[in-house]
Amino acid sequence: CLSDWSSDVCSSDLAIATMDALFNYDRLYIGGGNADKIEGDLPAKTKVIPNIAGLLGGVKLWSKLPGH
């Protein structure tokens with residue numbers, strides 16, 4: 001892994017495991033900053049995505065609100 005942040009994500013699954021326990025998600029998408037530089041294996045339900053995917057997902061979500 002590259003940096004302290006990246007090594008925290010890669011070597012210690014504590015942050016991801018905590019989010020899984022709190023939110024019981026089906027899929028965790030990690031994006032932004034240096035997310036594309038994460039090295040190593042992530043849990044099966046976790047995927048690194050480009051920033052544009054999050055932006056487009058937000059646009060789609062807002063467009064489904066009543067009155068939009």
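Exposed means over 50% relative accessible area, and buried means under 20%. These cut-offs apply to every view below of this predicted model.

**View 1. Asn24 follows helix H2 with a positive phi.**
Asn24 lies in the loop between H2 and E1. Its relative accessibility is 61%, so Asn24 counts as exposed. Asn24 is not a glycine, yet its phi is positive, at about 50°. The helix before Asn24 is also open: one of the 10 residues of H2 is buried, so H2 lies largely in the open.

**View 2. The whole chain runs α-α-β-β-α.**
The protein chain has three helices and two strands. It holds 68 residues, and 16% of them count as buried. The exposed area is about 5300 Å². Carbon and sulfur atoms supply 59% of that area. Take the contacts between residues at least 6 apart in sequence: 35% of these join residues at least 24 apart.

**View 3. Tyr25 sits in the loop between helix H2 (14-23) and strand E1 (28-30).**
Is Tyr25 buried or exposed? Its relative accessible area is 12%, so Tyr25 is buried. Beyond four places in sequence, Tyr25 touches Ile16, Met19, Asp20, Lys45 and Thr46. With Ile16 there is also a polar link: the side chain of Tyr25 reaches the backbone oxygen of Ile16 at 3.5 Å.

**View 4. The charged end of Lys45 sits over the ring of Tyr25.**
The distance from that charged end to the ring centre is 5.0 Å. Lys45 is one of the residues that Tyr25 touches. Lys45 also contacts Leu28. Which aromatic pairs does the structure hold? The number of aromatic pairs is zero.

**View 5. Thr46 is a buried residue of strand E2 (residues 46-48).**
The relative accessibility of Thr46 is 8%, so Thr46 counts as buried. Leaving out residues up to four places away, Thr46 touches Ile16, Tyr25, Arg27, Leu28 and Ile30. Thr46 and Tyr25 are 21 residues apart along the chain. Their C-alpha atoms are separated by 9.7 Å.

**View 6. Six residues make up the largest nonpolar core.**
Which residues form this core? They are Ile16, Tyr25, Leu28, Ile30, Ala35 and Ile38. In soluble globular proteins, nonpolar side chains tend to be buried together. Several core members meet Thr46, among them Ile16, Tyr25, Leu28 and Ile30.

**View 7. Leu28 contacts residues on both sides of it in sequence.**
Setting aside neighbours within four places in sequence, Leu28 is in contact with Ile16, Met19, Lys45, Thr46 and Lys47. Leu28 and Ile16 both belong to the largest nonpolar core. Met19, Lys45 and Thr46 are contacts of Tyr25 as well.

**View 8. Gly54 lies in helix H3 (residues 51-63).**
How accessible is Gly54, and what class does that give? Its relative accessible area is 44%, so Gly54 is partly exposed. Gly54 and Gly31 are 23 residues apart in sequence. From C-alpha to C-alpha, the two glycines are 7.6 Å apart in space.

Conventions. Residues are numbered from 1 along each chain as its sequence is written. This is a predicted model: local features need pLDDT of at least 70, side-chain atom pairs count only at pLDDT 80 or more; totals for chains, interfaces and linings use all residues. Side-chain values use heavy atoms; hydrogens and water are left out. Helices (H or I, at least four residues) and strands (E, at least two) are DSSP runs, numbered from the N terminus. Buried means under 20% relative accessible area, exposed over 50%, partly exposed in between (1.4 Å probe, protein chains only). Contact means heavy atoms within 4.5 Å. Accessible areas come from the Shrake-Rupley method with a 1.4 Å probe; for residues, only the protein chains shown count as cover. A nonpolar core is a set of buried Ala, Val, Leu, Ile, Met, Phe, Trp, Tyr and Cys residues joined through side-chain atoms within 4.5 Å. Rings of Phe, Tyr and Trp (its six-membered ring) pair if their centres lie within 6.5 Å; planes under 30 degrees apart count as stacked, over 60 as edge-to-face and the rest as tilted. A charge sits over a ring if NZ of Lys or CZ of Arg is within 6 Å of the ring centre and within 35 degrees of the ring normal. A polar contact is a pair of N or O atoms within 3.5 Å; within protein, one must be able to donate a hydrogen and the other to accept it, and residues adjacent in sequence count only if both atoms are side-chain atoms.
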